[in-house]
Amino acid sequence: MDLAASAIADPVRRDILALLQHQRLSAGEIAARFAISRPAVSRHLRVLRESGLVRDELLGRQRFYALDPQGFAELAAWLAQLLAPPAWQQRLDTLETEVHRTRRDASAGEEHTA
């Protein structure tokens, strides 16, 4: 998780991940979209690959990159846990639902007896 978090800390790497969200791209196609040098883009791609967030495939003389969803799993689980409402909030929500249900049932009972 630390490698993934460190990798996404850089804005260029986040932009690369966004590019790869819906399609795989060659290293050259990725580099062409940035105003930094190709070696700099290559270093960013290596960090993303080593962190497990992207995978690469060599086809002929071109290297293609794609997102690796498994690389995000541990970080996503940690974030979900961090952002989940506290247990007491869930209990209050359940209580609120039960109060509304009881009031509704009581109102429906009064209508039938009238």
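**Exercise 1. Determine which residues of helix α4 are buried, and where they lie around its axis.**

*Solution.* Begin with the criterion: a residue is buried when its relative accessible area is under 20%, exposed when it is over 50%, and partly exposed in between, using a 1.4 Å probe and protein chains only. By this criterion, the buried residues of α4 are A40, V41, H44, L45 and L48. Next consider their directions, taken from the helix axis to the C-beta atoms; the buried residues cover an arc of only 140 degrees, which puts them on the same side of α4. Then ask what covers them, where contact means heavy atoms within 4.5 Å: the covering elements include α1 (2-7), α2, α3 (27-31), β2 and β3 (62-67). Helices here are DSSP runs of H or I with at least four residues, strands are runs of E with at least two, and both are numbered from the N terminus.

The model is predicted, so local features need pLDDT of at least 70 and side-chain atom pairs count only at pLDDT 80 or more, while totals for chains, interfaces and linings use all residues. Residues are numbered from 1 along each chain as its sequence is written, and side-chain values use heavy atoms, with hydrogens and water left out.

**Exercise 2. Work out what span helix α4 should have, and compare it with the model.**

*Solution.* The expected span is 1.5 Å times one less than the number of residues. Helix α4 (residues 38-50) has 13 residues and should therefore span 18 Å, which agrees with its end C-alpha atoms being 18 Å apart. Just after α4, G52 takes a positive phi of about 85 degrees.

**Exercise 3. Place A40 and S26 in their elements, and decide whether each is buried or exposed.**

*Solution.* A40 belongs to helix α4 and, at 13% relative accessibility, counts as buried. Its C-alpha atom is 10.0 Å from that of V12, although the two are 28 residues apart in sequence. S26, in turn, is found in strand β1 and is buried, with a relative accessible area of 4%. Leaving aside neighbours within four places in sequence, S26 is in contact with Q62, R63 and F64.

**Exercise 4. Locate the salt bridge between E57 and R24, and describe the parts of the chain that it links.**

*Solution.* Side chains of opposite charge can pair when their charged atoms come close. A salt bridge is counted when a side-chain nitrogen of Lys or Arg is within 4 Å of a carboxyl oxygen of Asp or Glu, and the structure holds five of them. The side chains of E57 and R24 meet at 3.0 Å, N to O. This pair links distant parts of the chain, since E57 is in strand β2 (residues 54-59) and R24 is in the loop between α2 (11-19) and β1 (25-26), 33 residues apart. Both ends are partly exposed, E57 at 39% and R24 at 40%.

**Exercise 5. Identify the salt-bridge partners of D56 and R101.**

*Solution.* R63 and D56 form a salt bridge at 2.5 Å, N to O, and R49, D56 and R63 are linked in a network of salt bridges. R63 is partly exposed at 33%, as is D56 at 27%. R101 pairs with E98, their closest N and O atoms being 2.7 Å apart. R101 and E98 both lie in helix α6 (residues 87-113), three residues apart, about one turn of the helix.
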